[in-house]
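Q: Could you take a close look at one part of this model for me? I'd like to go through a single helix and its end, and then hear how the chains sit around it.

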Amino acid sequence: MSFEWIKIPYALLTLFIVANYGFLLTAVMAKIAARVGRRHGIPVWQNYLDLIKNYGLRSSITHGVMFYMGPVFRLTGGVGLLMFVPTLYGTEMFSNMSFAGDLILALYFVFFGSLGMALGAGESGHPYSAIGVTRGLSQVTAAELPFALAVYAVAVQYQTLSVTEIVAAQQGGILQWTLFTNPIAVAAAMLSFLGTMMRPPFDVVLAPQEIPIGPPTEYHSSYLALMQTNRAIFPIAKIVIYMNLFFGGAASWPAFFLKVFLIYLVSVIVGVVFPRFRVEQSIRWFLIWAVPLGVIAIMIA
Amino acid sequence: MAYIAMTTGFVLILIGLFGALTNRNILRMIVAFTVANTGVNLVMVAVGYMHGRTAPILDEAVPVAEAVARIIDPVPQALVLTAIVIGVGVTALMLAYVYKLYETKRTLDISAFKDLKW
Amino acid sequence: MVSALYILAVGLGAAFLLGLLRDEWRAGAYGVSLAALACMSLISAGWVWVLASGDGSAVDITTAGTLPPYAINLRMGLAEAVLTLSINLTGLLSAVYLRDTMFNQGRRALAVLLIFTMAACGIVLTRDLFNLFVFFELVAIATGGLVLLSRDKRALAAGFKYLVASQVITILLLVGIIFAYHATGTLNIDGMAEVSSLVLKGGGLAFFLMFIAIVLDLKPFPANGWALDVYESAHPAFSAMLSAASGSAALFAADKLLLIGGSTWLPLATGIGIVGFVGANLFALAQRNDRRLLGYSSVAQIGLILAVIGQRDLLGDRYLFIAGGILLAHAVAKAGLYWLSGLIEGRTLTAWSALQGHPILIFAFASFIALLVGLPPFPGFYAKWELVIALAGEGRIALIGLILFGALLEAGYLFRWFGRALKRERAPEPVAVSSFKRAVILTAVAAGWGLGLIWGALSLNGNLLLAVPLLFAFGFLVLEPLSVQIKNSLAIAGLVAWFVLSLPSYDPLQLIFAAVMLIGGALILLASYQTQGRRIGFYPSAMLMYAGLAMLIVAEDAFGFFAAWESLTIGSYFLILRGQRSEPHALSYMVFSLAGAFLILAGFALAADGDPLFTLAGLKQVAAPLAPWVFLLLAIGFMTKTAAVGLHIWLPGAHAEAETDVSPMVSGILLKAGLFGLFVLFMAMGSQQLYGVELTHILLWIGALSALIGNLMAAFQEDAKRLLAYSSIGQMGYALFGLAMMNHLGWLMALMFVINHYIYKSMLFLSVGGVAKRTGTRDMYRMGGLITLMPLSFIAVLIGIIAMSGVPPLSGFGGRWIFYNAILTTDSRLPMILIFISGPIAFLYLFRLIHTIFLGQLKDEHRRIKEAPFWLVLPQMIFVACLMAFALVPGLALRRVDAYISQFHPEGALGWEGLTITSAFGYWSPISIMIVVGVIFASLFAWLVFVNRKAQKVKQFNIVFAGERPFRPETTHFAWNFFAPYRKALGFLTEPLVERFWAAIVDLLHASADLLRRLYTGNGQTYAIQLLAFVVVVYLLRTGL
């Protein structure tokens, strides 16, 4: 296969749109959550301010090579994930680098950033970082399971692992979405989704009142800027996968913005209602409520 | 006649075994075994002869060809003699053992020699 | 040829001559005795030579110038010649061994020894019941005398008990003989056999009495307390004779007697024999005294041979080969072990630790144990193979089961003993220094190996000792005096050369395994350059394992496969045992492996239908009712090696406690032997159903459970090497799961795991081994912050964990990708869930591994440590390169295999066009992934370096800590009980249920052995009663049958 160089500027364009949308979206979500709690909340451009502040910080330290590379791993994970999945359906322009691999690549690449980040945080030597990482890893073992089962159910349903083909199969009306053709799988996946968004009740990883902010405790200045960028891109990259698999994908940017917003909103709504779980509680919760759904999904698939 | 001898022999064997298995005194055990041995020898003498057969002398009366069916095999007789001799030998050996055993523990009770077990 | 009669004449004559000598002529008397024994041995040897070479035939020797039945006759055939040779040599060697004792005791003791040997030969040679009786009595009386050679005061009581028992036996024998004579009119054995119908009609009881008397002379379990006491207390040289010489003779007498009884008595012999084999081995488990243990083992072995004698009707012309193989192996080994015990002061099993520091004696010890257990290349191995095949051919499955169970018990206590001798603290008393005694022992060793050579030549299956890989491995025994560097180079050269030589004949599947095992083995051996000195024992063991592996992958017949399997098992056992605290783990490895090997043997035997030359291809033709059982036995056997859950408890300890360069061998390479076996099995037999259950479906569950339990256990380990070991269980679970899917991609995935697991597990074991070497501990929480001190080891671990976790862009992802594609076509979805959950759990232990060792807080005591030694790092770096290469172009290794698998599963082959690998469902382009990830990473890194160029390196305690300084690294390094909340949530899954299950079984065996052996009260009278009770019970069972 010959590589078309035009893909690179196209990809950068996608990245630019998604990053900015991400900055705004996370701020909006924070604001929504604050309003629910009768607080005023941050302005929607807060992320840009933070970014400028972080890059502008003069003091900058490092704990070693892995510490230095942690944020790089993190952001590579986010950007890569975005790149490996077609953002918009039916356009060559925004199909990104999805020729490199299928759904499975995306599923496993999710861990790339987290792993690198965990290593970087580990080198800082801060106990809170390590505690945060153990919590995150523990939780992810149970939280990922329903999603993996749902993905399997969907792959069996459409007999393909190609994201593009899965989206293609959902075209032709809202009732063709996996949400309606395979509701149990989607339900399982959405429960799993709650667990990966770092919001209550599954935010024990960062747990602000216990272990300041968990893994990134030692990070500051431009490190934090990279990670902040990732925090804008990564959730959207992940939501893109959900959107493509379960909600018919998006053929245009407006549809994209709307769907991503709504999917994101699910986790926010749940998050403002529930208090935080401890690790073992959330594991049990996933095993008792979400995994059985996933099991049913694969048994009837 | 042979039956009487055989029965006596078996009775002796049983008496001997009974004695050997019930007497704790080692000397009595040995005596009991000699009784049983005597019984065995008696049985052998009683059973070793087969009716209607002749002495193992090969001559005109007993041609070689028919010998197997007509003579008494001399080997059992040798067996009895040997058994008696061996019996004496074993008895002597056991008596020597008794002497030594008595020297070590100053007792003749068989149940005293249980250092080796399990 | 010298008449065999002279064996008896020389023995008797010399004994009488000794009576004429003067008491002071000690040396003269000793010389006469040795000369007589040597002369007797020579005569036997001459006969063996003539009869074995086929120049002569068996001869009958008549006495008194008359033919039987008028006179006594003897016979010298091949069996008689071999047995008398073995008896005479035992006598001769024991006489040499007893030199000092005999100089003390004088000519009378020598005469008794001569009589003993002569009489034992007489039992073998005679064809007459009268004579048989006489020789038996002579042996008994001589035994009564020779027992007293011992320094042990308790021998006196033992000898007396022995005489009491022999009195009872005599009575039974004589009464039996005379009635048998009465029924047949002859005392000649052959004469009686001709008219055996008469015996059985009129004199069934008579024959029974004769037969049981001979059986009692075999010291049958459980009526044998008197004999055990003698074994325990007699002089070891005499115990050797009692076990080897008189045991063999009595067995041959039983064999002769069964000629009269005919085939109806054979089941009785089998029954008594097999009960003895299993029972005595069971009782031996509870033994702590070495000589008494050997006594139990003798009883057991003789029981086994009696059982074989009972099966002679179906063994046909292989009867002598089989019975003889086991008998001679037993004789040599038992005599050797008794002689060896004479060098050791203490009488407990642990006292044998005095052997440490005497490699030659340890080699002797190991050889004797291998002889007894029947491991290759010794005669018992060939014999057991043909025996089990023949038994299975006739459907005697229960007997096979009992034999193998008994053999397993025996191997268990023997290897436990060996392990203790090697690993326990060295006993304070030194090994006796006596060149005579050592020469005797070494002669026995030579005899054992010689027998192995002969039995190999006689076997139908080809001589293992002439197989080049094994020869190469055993060659290292001779090279032991050389230094490690030379031996290591030779070993590497050998592995590579063998691979290159065999290259043209490998098919793609074999090629993958051969590359992993041989080239991979050579790579790991690079790490062995860092050891110093001579490293005695390492190379023969390691090369034995590699020889087994090399032979395994090319084996075409079942025998070759099984022999290779056992060879690699033994080699790896010795390797694992070398670890500092590996004694219990090596033992459990050996027991599980042997149990697995026995299951494999049973499986092959069932499939072979009586054909000892059965080929692996023949597995395809196994018919329906048998096939699933064959499948099941073989699969379980192979799964002991892959450590599938339930059979896995040996692995963590064995892999963790092994030496630094041994761990990667036994983990990265050895485990693949089990996978190869499963491949062979599945290729030949496909999937099988048993009672309507798809067996491969069960294997799927086992694989998935192994993956889950292995990963979960790994997450909770504090010991780095144990963590890696448990992770192997998980990884093998994945591979087993892939195989059991029985589709194209499943198999490809399993192969992917073969390659990947080899590379990253070897690499990780080497890195962790290097770290453990430098820090002096394997507990991860004692480490921390080593990244700057050991950067190369860190890189290896980093690459290793990324690859193992399956995160793109490294090669582990390929395995996951194939896995997903494979499961899309399978119907068994439930076990798959377990695999799904175990994937993320792998992150837990992988992160823990790298974090707690290399990241976090550096400890004060580690501030000065250096990078691991060069020779440990070099192979790691090569592995890193391999992983990268395999990640980029997996097609290099997998493409041909993919095509090869198509002949078994035509559907589902991958497309390999261009850079992208395609399946029916998706696609994957490793190079594109690598480039995309690389470009993004490089750009972001460059950006960070640009904006953050002034970052300042700070010290380790300079962290955000509420404005305070942390107290010490130990309290700040978050490492111990790393996943505490996880344990709270899922810890119930890590309850050691399997371990408890096996421990309960072992405890049960030991407790029952300890309880039941109290049957042996030590009272001579009780023993006599037991003897009679045994007779009565056997008689009742016999008539009841």
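A: Just past the end of α35(C), G856(C) has a positive phi of about 70°. Keep in mind that this is a predicted model. The helix before that glycine, α35 of chain C, covers residues 830–854, so to speak 25 residues in total. From its first C-alpha to its last, α35(C) reaches 38 Å, close to the 36 Å expected at 1.5 Å a residue. There's a bend along the way, though: α35(C) has a kink of about 25° at G839(C). The proline P840(C) comes shortly after that kink. As for surroundings, α35(C) is mostly covered, with 24 of its 25 residues buried.

Now for the chains. Of the 2 pairs of chains that touch, A and C share the most contacts. Chains A and B, on the other hand, don't touch, and their nearest C-alpha atoms sit 54 Å apart.

Chain B is worth a look too. Going from its N terminus, the elements of chain B read α-α-α-α, which makes 4 helices and 0 strands. Its radius of gyration is 20 Å, well over the 13 Å that the globule rule gives for 118 residues, so chain B is more spread out than a compact globule. The C-alpha atoms of chain B fill a box of roughly 65 × 25 × 25 Å along the principal axes. Buried residues account for 31% of the 118 in chain B. Taking contacts in chain B between residues at least 6 apart in sequence, 56% link residues at least 24 apart.

Notes
Residues are numbered from 1 along each chain as its sequence is written. Chains are lettered from A and ligands numbered from 1 in the order in which they are written. This is a predicted model: local features need pLDDT of at least 70, side-chain atom pairs count only at pLDDT 80 or more; totals for chains, interfaces and linings use all residues. Two residues are in contact if their C-beta atoms, placed from the backbone, lie within 7 Å. Helices (H or I, at least four residues) and strands (E, at least two) are DSSP runs, numbered from the N terminus. The radius of gyration is taken over C-alpha atoms; the globule rule is 2.2 Å times the number of residues to the power 0.38. A residue is buried if 20 or more other C-beta atoms lie within 10 Å of its own, exposed if 12 or fewer, and partly exposed in between; C-beta atoms are placed from the backbone. The expected span of a helix is 1.5 Å times one less than its number of residues. The bend at a residue is the angle between axes fitted to the seven residues ending there and the seven starting there.
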